[in-house]
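Here's a quick tour for anyone opening this structure for the first time. Have the sequence and the 3D view side by side, and follow along.

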Amino acid sequence: MKQILSFFFKKWKNDQKGVTAVEFSLVGVPFIFMVVGIVEMALMFTAQSLLEASTNQAAREIRTGAVQQGGGVDLFDDTLCNFSDIFIPCEDIQYQVISMDDFQQAEDIPDPTFDEDGNLEDQQFTPGGVSDVVMIRTVYPYQIRTPLMQLALAPDSGGERLLMSTIVIQTEPYQFED
């Protein structure tokens, strides 16, 4: 009996079948989580980049005076949405446009405040006039899609990560049309 057990033990000890499956089970799960996390982070950075670029495009319409000369909030919305609509739903973007006296006043602008639903509380739109300093702030609540990444990146907000872009510009010395 002892010889039989010794034979099976030696055979089992030298057997290499299933080694790949065991190694994959040890390494595969963390690898898959890492790949999914990289994809999730890439999507979030893409959304942030698009928000920044669309804010810059919409700020240009204010800087050149197109908004003030008749385009209004509709031109600002269209510019913001046309650029960001590739990946970000336009109806989810909230913004503030605040005219100021000078760049020094931009340093004193308070941080944005949000209500209990996560909406920007002060959504004013005052694009200013010729040579005014204007602050444009856009906010987008990015919904993290992967449950494990929700725990890592937004554990207290139900899986939402707030993306924000702020630009302070001085409008050009454009002339109003009469």
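What do the buried residues of H3 pack against? They pack against helix H2 (19-63), E1 and E2. Keep in mind that this is a predicted model. The points below start with that helix, then go through the strands, the core, the aromatic rings and two single residues.

**Helix H3**
- Helix H3 covers residues 67-84, which makes 18 residues.
- The C-alpha atoms at its two ends are only 18 Å apart, while a straight helix would reach 26 Å at 1.5 Å a residue.
- There's a bend in H3 too: about 65°, at Val-73.
- The buried residues of H3 are Val-67, Gln-68, Phe-76, Thr-79, Leu-80, Cys-81 and Ser-84.

**Strands E1, E2 and E3**
- E2 has a strand partner in E1 (residues 94-100): the two run antiparallel and are joined by seven bridges.
- If you want a spot to look at, find Val-97, whose bridge partner in E2 is Ile-136.
- E2 also pairs with strand E3 (residues 160-170), again antiparallel, over eleven bridges.
- For that pairing, try Val-139, which stands opposite Met-164 in E3.
- Is E2 enclosed or open? Ten of its eleven residues are buried, so E2 is largely enclosed by the rest of the structure.

**The nonpolar core**
- In soluble globular proteins, nonpolar side chains tend to be buried together.
- Here, the largest nonpolar core has 25 residues, and those with the most contacts inside it are Ile-62, Phe-76, Ile-136 and Tyr-140.
- Two or more residues of this core come from each of H2, H3, E1, E2, helix H5 (147-153) and E3.
- H2 gives the largest share, with seven residues.
- Take Tyr-140 as an example: leaving out residues up to four places away in sequence, it touches Ala-47, Leu-51, Ile-88, Pro-89, Asp-92, Ile-93, Arg-161, Leu-162 and Leu-163.

**Aromatic rings**
- How many aromatic pairs does a search of the whole structure find? It finds three.
- One of them is Tyr-95 with Phe-125, an edge-to-face pair with 6.2 Å from centre to centre and 75° between the planes.
- That pair links distant parts of the chain, since Tyr-95 is in strand E1 and Phe-125 is in the loop between H4 and E2, 30 residues apart.
- Tyr-95 counts as buried because its relative accessible area is 13%, under the 20% cut-off.
- Phe-125, with a relative accessible area of 23%, is partly exposed.
- Phe-76 joins Tyr-95 and Phe-125 in one aromatic cluster.

**Two residues to click on**
- Ser-131 sits in the loop between helix H4 (103-107) and strand E2 (133-143).
- The phi angle of Ser-131 is near 60°, a positive value in a residue other than glycine.
- At 34% relative accessibility, Ser-131 counts as partly exposed.
- Val-168, found in strand E3, also counts as partly exposed, at 34% relative accessibility.
- Where does Val-168 make contact, apart from neighbours within four places in sequence? It is in contact with Met-100, Phe-103, Ala-106, Val-133, Val-134 and Met-135.
- Val-168 and Ala-106 are 62 residues apart in sequence, yet their C-alpha atoms are 7.4 Å apart in space.

Methods
Residues numbered from 1 in each chain as written. Predicted model: local features only at pLDDT ≥ 70, side-chain atom pairs only at ≥ 80, totals over all residues. Heavy atoms only, no water. Helix = DSSP H or I, 4+ residues; strand = E, 2+ residues; numbered from the N terminus. Buried < 20%, exposed > 50% of the residue type's maximum accessible area, 1.4 Å probe, protein only. Pairing = 2+ DSSP bridges. Expected span 1.5 Å × (residues − 1). Bend = angle between axes of the 7 residues up to and from the residue. Contact = heavy atoms within 4.5 Å. Core = buried A, V, L, I, M, F, W, Y, C linked by side-chain atoms within 4.5 Å. Phe/Tyr/Trp six-rings, centres within 6.5 Å; stacked < 30°, edge-to-face > 60°.
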